[in-house]
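Trainee: I would like a close look at a single part of this model. Please pick one strand and work outward from there.

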Amino acid sequence: MEAIPPVPPRILIVDDDDSVRDVISVLLREEGYNCVVASGAEMALDLASQEETPLVISDMKMPGKDGLWLLEQLRERYPDTSVIMLTGYGDTESAVDCLRRGAVDYLLKPPKLTDLIRAIERALAKRRIELARKRYQKKLERKVRDRTTELRNALRDIAHTYQSTLLALVAALDAREHETSDHSQRVVRYTSAVAERMGIKGQELEEIGRGALLHDIGKIGVPDAVLLKPGKLTPEEWQEMRKHPDIGFQMIQNIPFLATPAQIVLSHQERWDGQGYPRNLRGQEIHIGARIFAVADTLDAMTSDRPYRKGTTFANAIAEITRCAGTQFDRDVVRAFLDIGEQALIKIKEDMQLRKLTLVQAEVQAQEAEATLARLTDDLDDIDQSIPGPSSPVPAPRATSPASPPPPPPAPAVGTQASTSQQPVVLSVLAGGRQGNSRD
């Protein structure tokens with residue numbers, strides 16, 4: 001099978017002199033080029049629009065629109081088309097002007113055939129290199145976009161993994177304290193709501209949320225005898241409890257993406273008036289995330305039920321937080337907190353309870369479906385065993401027990417709380433620095 005010869009490149013020759021135009025086209029056709037001719041710049045532009053034209057050879061001086069006008073139009077509309085300019089005037093200024101405007105070469109009329117062929121070969125070779133460079137650039141840009149998308153997805157997956165790890169860690173801490181009411185998650189929601197009301201957004205908002213989530217991570221280092229003690233703490237036990245901000249800070253301070261949350265963990269027990277711990281910071285010295293968290297934590301502590309007390313109303317909690325503005329809390333934070341409104345705060349808690357209830361129901365339904373499937377499988381096995389084979393005698397009826405023992409009671413649904421009499425008493429949380437088991 002013979003190879004198909006390549007299609008010769010199309011060359012557009014533009015000159016108002018018929019003889020020059022015809023001579024050049026005849027010579028180039030003999031060299032194997034596909035030539036078309038135009039008597040003026042506007043006609044040449046129309047021909048260039050009809051078919052791809054790799055090269056244009058144009059006279060500079062023509063009546064009406066001249067060669068420089070055609071050069072500019074071609075560079076604007078068809079930047080991949082190379083242009084060689086011809087002129088009967090051999091001044092250097094004209095040559096420089098042509099090259100500056102984008103012509104690939106500049107020849108005097110009448111050009112020698114060898115000079116013209118070399119100029120054409122150089123122009124076409126330069127065009128091939130330029131097209132190859134553009135194709136490579138587009139391919140590279142496409143690869144960069146693909147890699148950027150992959151990197152963005154990978155970073156999103158990593159961030160999701162980080163967040164899942166933090167949630168699991170906090171859930172383990174809540175389980176250790178027998179905290180089943182999602183205290184940490186609610187505090188994050190309250191904290192984020194107040195921060196958004198104060199105009200905080202983006203990465204700073206995310207970091208404040210992580211700090212609120214991890215605020216009590218240092219309690220991992222508090223002995224169970226202190227952490228789970230049902231009664232009032234002794235002064236020595238209270239000193240142990242007060243170490244948890246430092247313990248939490250030491251745990252996460254060297255993790256780069258938790259650098260800001262670590263500051264919130266360290267400062268979350270500080271007070272606006274400087275009466276907090278562990279560093280007795282006051283006012284603006286306390287990280288803004290810790291100042292916001294203090295209000296959110298107090299709200300959740302006061303409105304949540306504990307085994308040893310019932311939670312108060314949102315109205316009472318809001319009134320207490322308002323009373324402590326300027327002493328325990330930052331006035332600006334309290335102002336933003338009050339702007340949210342009681343009903344919006346209640347809705348945050350109700351939405352979280354509804355979401356938790358939905359998850360629990362889904363888990364219960366899944367357990368019931370598995371139990372039903374297991375029961376049906378057992379029934380099918382019994383039926384298969386009771387069907388006699390071709391030569392097997394019909395089995396006698398199975399004796400039934402006069403009094404079968406009752407089935408064991410079902411396991412409690414996931415996420416439900418056992419009786420408070422079987423639970424260690426959870427630590428009390430009292431707002432406004434009151435006395436008692438103030439350990440949250």
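Mentor: Here is a walk through strand β3, its sheet and then the rest of the chain.

First, a caution. This is a predicted model. Strand β3 covers residues 55-59 and ends with Asp59.

How is β3 placed in its sheet? The sheet is open and has five strands, in the order β2-β1-β3-β4-β5. Pairing in this sheet is parallel. Its edge strands are β2 (34-38) and β5 (105-108), and each of these pairs on one side only. From one strand to the next, the twist averages 20°.

Take the two partners of β3 in turn. On one side is β1 (residues 10-14), which pairs with β3 in the parallel sense over four bridges. Look for Ile13 here: this residue stands opposite Ile57 of β3. On the other side, β3 is joined to β4 by five bridges, again parallel. Val56 has Val83 as its bridge partner in β4.

Is β3 buried or exposed? The strand is mostly covered, with five of its five residues buried. That holds for both faces. Leu55, Ile57 and Asp59 are buried on one side, and Val56 and Ser58 are buried on the other.

Now stop at Asp59. Its relative accessibility is 4%, so Asp59 counts as buried; the cut-off is under 20%. What does its side chain meet? The side chains of Asp59 and Lys109 are joined by a polar contact of 3.3 Å. Leave out residues up to four places away in sequence, and Asp59 touches Val14, Asp15, Asp16, Gly67, Met85, Leu86, Thr87 and Lys109.

One of those residues, Thr87, leads on to the next pair of strands. β4 (residues 82-87) and β5 pair in the parallel sense over four bridges. In β5, Leu108 is the bridge partner of Thr87.

Beyond β5, consider Arg122. Arg122 lies in helix α5, which spans residues 113-176. Its relative accessibility is 46%, so Arg122 counts as partly exposed. The C-alpha atoms of Arg122 and Asp105 are 8.8 Å apart, with the two residues 17 places apart along the chain.

Next, the nonpolar cores. The largest has 47 residues. Within this core, Leu214, Leu299, Phe337 and Leu345 have the most contacts. Helix α12 (residues 288-303) gives the most to this core, with nine residues. A second, separate core has 21 residues, including Met60, Leu70, Val83 and Ala95. Val83 is also the β4 partner of Val56 in the sheet.

Go back to Leu345 for a moment. Setting aside neighbours within four places in sequence, Leu345 is in contact with Tyr190, Leu299, Phe314, Ile318, Phe337 and Ile340.

Helix α11 (residues 259-267) is also worth a look. Its buried residues include Pro261, Ala262, Ile264, Val265, Leu266 and Ser267. Among the elements covering the buried residues of α11 are α7 (202-213), α10 (244-252) and α12.

Finally, the whole chain. The protein chain holds 15 helices and five strands. Of its 440 residues, 38% are buried. Take the contacts between residues at least 6 apart in sequence: 66% of them join residues at least 24 apart. The accessible surface comes to about 25600 Å², and 55% of that area belongs to carbon and sulfur atoms.

Technical notes. Residues numbered from 1 in each chain as written. Predicted model: local features only at pLDDT ≥ 70, side-chain atom pairs only at ≥ 80, totals over all residues. Heavy atoms only, no water. Helix = DSSP H or I, 4+ residues; strand = E, 2+ residues; numbered from the N terminus. Buried < 20%, exposed > 50% of the residue type's maximum accessible area, 1.4 Å probe, protein only. Polar contact = N/O pair within 3.5 Å; in protein donor to acceptor, adjacent residues only side chain to side chain. Contact = heavy atoms within 4.5 Å. Core = buried A, V, L, I, M, F, W, Y, C linked by side-chain atoms within 4.5 Å. Areas by Shrake-Rupley, 256 points an atom, 1.4 Å probe, with all protein chains shown as cover. Pairing = 2+ DSSP bridges. Axes fitted to C-alpha atoms, helices over the stretch in contact; angles between N-to-C directions.
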